[in-house]
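Let's take a walk through this model together, with the coordinates open beside the text. We will begin with the empty spaces inside and work outwards from there.

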Amino acid sequence: MSALKLSLHCQGDDGFALQLDCQLPAHGITAVYGPSGSGKSTLLDCIAGLRSPQPDSVIGLDDEIWQAPGVTVPSWKRRIGYVFQDARLFPHLNVQQNLDYAMARRAPPGTIDLDQVVPQLELDDLLSRAVDTLSAGQKQRVAIGRALLSSPQLLLLDEPLANLDHAARQQCVRCLQRLSDELQLPMLYVSHDIEEVSQLADHLLLLDRGQLVEQGSLLELCSRLDTRLSHEEQAAAILTASVMQHDSAFDLTQLAVDGQPLWVNHLPYSPGQIRRVRIPARDVSVCRARPQDSSILNILPVTLSEIEDTDSARVLLRLSLGSQFLLARITRKSVVELKLQIGDPIYAQIKSAALLMEASDQA
Amino acid sequence: MSLNHAELEAIYLTIALASITTVLLLILSTPLAWWLSRRRSTVSATVEAIVAMPLILPPTVLGFYLLLMFTPDTALGRLWQQLTGTQLAFSFSALVIGSVVYSLPFVVQPLQAAFQRIPQGLLQAAATLGASPLDQFRSIVLPLARRSFITAASLGFAHTVGEFGVVLMIGGNIPGETRVLSIALYDSVESLQFGDAHRLAAGLVMFSFVLLFLLYRYDRQSGWRIRA
């Protein structure tokens, strides 16, 4: 199994020191998540060779060593692609020439081609444009294309969508998902936006002040109570669901989560497709018996599997739903009054579930 | 209004001196300006100060020291004598060396300013796309600084045409060898040939004005300036 091996020590810009010892899977999208100033960009710069870590650091992808005691491979010899937050297109070249710049310098064998990247990133109409006439979203798509055309073994993305408006951001996310599926190219994706991370990532690396806090599969990390993630205000469980059917009379779509039905606003996906659903902990409440006359559509039988105090007033519950988990944030008073015990069969009432593609698909 | 043989010779010599000096300056200044544009240290500040000195010093001071260096009893003078069999002082080659020193800031500073305007981020992006440092310079820096190269070359050329003090000190007044336009003009005034002096002076004024006018027209945005 190929892996990105990191043993990194590097002085950051704002006082902290990045100190990291880990192995990351060299497949799929790994999100590097953490508050600003936690060393995310420093990590990417070290991997790209744009910043020198301490001499005892080791960076290697599969059999290739990029950094080790006595070894420093310069940036331009590392087979990485880097998409910066500020696109960094060459201003004296047009879009086509920016793409050609990468093609002309890539190491053989180049496996990614222009006629693959251009349609995937919807660049067809932009090729002859000067780069200063592009919108922020268009620039970023060109930058992604340019990085891909250098045929990297690893694609680094440093908050590539941070400066984009919502529509451009969704378009880029769609493109990245398609590319990740099609190209089998491992990506390291820095973000401080948990929504973006939930949409894209397979794997998660949590950083804080230069230290590794947690790493693992996104779906698993999001459903655990002992991570920093679940203690954030916007904590949410992420589940995979398959599209079952559409109810055109009420404009709803029915999904199935481990066999249980979940209704969301009508979505343009055909039955059978697998999608991620993000369910915020604050939108889930529990009850002992199934309410008969509630306005809430989604009431699912679950088993209480864990309880964790988050502050003096509130607790977080982990509810198992088949093989997946929901999170619920309720008051400690409710736990006492409902006499909740681990293992209890209860009902989860879900006020909203967002399917991770469009923003306004709540039910 | 026609030019006599001596004047034509002076014009030819001046153009040759300015052209050779400009070419040498571009070769020398490009790496120097690049280095200065990427460094902030005591060493680089020292080098910057040395490069800018000809802007402040009376040319005669520069000429005086250069003359001392060029005499056959210094190491440089001796070496030159051994290699070429001729004396360095009072030769065309001495003028070229003097002019390079004298006009250095006029070429280095516009280039340095242009290089400083090129974002480090673009070079990093080029590096991640597989461009070696030399390739980055050729494919990113040179095209983006193209206008400033023209500015720098023009300023270096014009400033060399206009030099007088340094030439007088290290070149003397040998027709066909070191007698450039500004010296010829000085000669005419000395010998009270005001008609000749007018022709040469007016010609130099026209040349300078047209060149600077074209430069300002051509390079409005980049705002080159000479800092002393």
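Which residues line the second largest cavity? They are Leu4(A), Leu24(A), Pro25(A), Thr30(A), Leu154(A), Pro186(A), Met187(A) and Leu188(A). Before going further, a word on the ground rules: this is a predicted model, in which local features need pLDDT of at least 70 and side-chain atom pairs count only at pLDDT 80 or more, while totals for chains, interfaces and linings use all residues. Residues are numbered from 1 along each chain as its sequence is written, chains are lettered from A and ligands numbered from 1 in the order in which they are written, and side-chain values use heavy atoms, with hydrogens and water left out.

Back to the second largest cavity, which holds about 30 Å³ of space. A cavity here is a set of points, on a 1 Å grid over the protein atoms alone, where a 1.4 Å probe fits but cannot get out, and lining residues have an atom within 4 Å of a point. Grid points are joined across faces, edges and corners, and the volume is the space filled by probe spheres set on the points. Strand E2 (17–25) and strand E9 (187–191) of chain A each supply at least two residues of this lining; helices (H or I, at least four residues) and strands (E, at least two) are DSSP runs, numbered from the N terminus. By class, the lining divides into 7 nonpolar, 1 polar and no charged residues. In this sorting, Ala, Val, Leu, Ile, Met, Phe, Trp, Tyr, Cys and Pro count as nonpolar, Asp, Glu, Lys and Arg as charged, and the others, Gly among them, as polar.

The count comes to 2 cavities of 30 Å³ or more, and the largest has a volume of about 70 Å³. Its lining includes Ile194(A), Ser198(A), Cys222(A), Glu232(A), Arg278(A) and Leu327(A). Helix H6 (194–200) and helix H8 (228–231) of chain A each give at least two residues to that lining, which has 6 nonpolar, 3 polar and 2 charged residues.

For the wider layout of chain A, the domain assignment (bounds from an automatic or database source) gives domain 1 (3–218) and domain 2 (236–355). The C-alpha centres of these two domains of chain A lie 34 Å apart.

Now to the packing. In soluble globular proteins, nonpolar side chains tend to be buried together. A nonpolar core is a set of buried Ala, Val, Leu, Ile, Met, Phe, Trp, Tyr and Cys residues joined through side-chain atoms within 4.5 Å, where buried means under 20% relative accessible area, exposed over 50%, and partly exposed in between (1.4 Å probe, protein chains only). The largest nonpolar core has 111 residues, and those touching the most other members are Leu6(A), Leu43(A), Ile47(A), Phe90(A), Leu148(A) and Leu156(A). Helix H5 (residues 92–117) of chain B gives the most to this core, with 12 residues. Apart from it lies another core, of 34 residues, among them Leu239(A), Val243(A), Tyr269(A) and Ile279(A).

A polar residue to look at is Asn98(A), which lies in helix H2 of chain A and is buried at 0% relative accessibility. Leaving out residues up to four places away in sequence, Asn98(A) touches Leu89(A), Phe90(A), Leu93(A), Val131(A) and Arg146(A), a contact being heavy atoms within 4.5 Å.

Next, some backbone angles. Most residues other than glycine have a negative phi. Arg88(A), in the loop between strand E7 (80–83) and helix H2 (95–105) of chain A, has a positive phi near 55°. Ser151(A), in the loop between helix H4 (136–149) and strand E8 (154–158) of chain A, has a positive phi of about 50°. Ser151(A) is buried, with a relative accessible area of 1%.

Finally, chain B has 11 helices and 0 strands, and 46% of its 228 residues count as buried. In the loop between helix H8 (146–161) and helix H9 (165–171) of chain B sits Phe164(B), which is partly exposed at 27% relative accessible area. Beyond its neighbours within four places in sequence, Phe164(B) is in contact with Ser182(B), Ile183(B) and Tyr186(B).

Note on methods. On a 1 Å grid over the protein atoms alone, a cavity is a set of points where a 1.4 Å probe fits but cannot get out, and a pocket is an open set with protein on both sides within 12 Å along at least five of seven lines; lining residues have an atom within 4 Å of a point.
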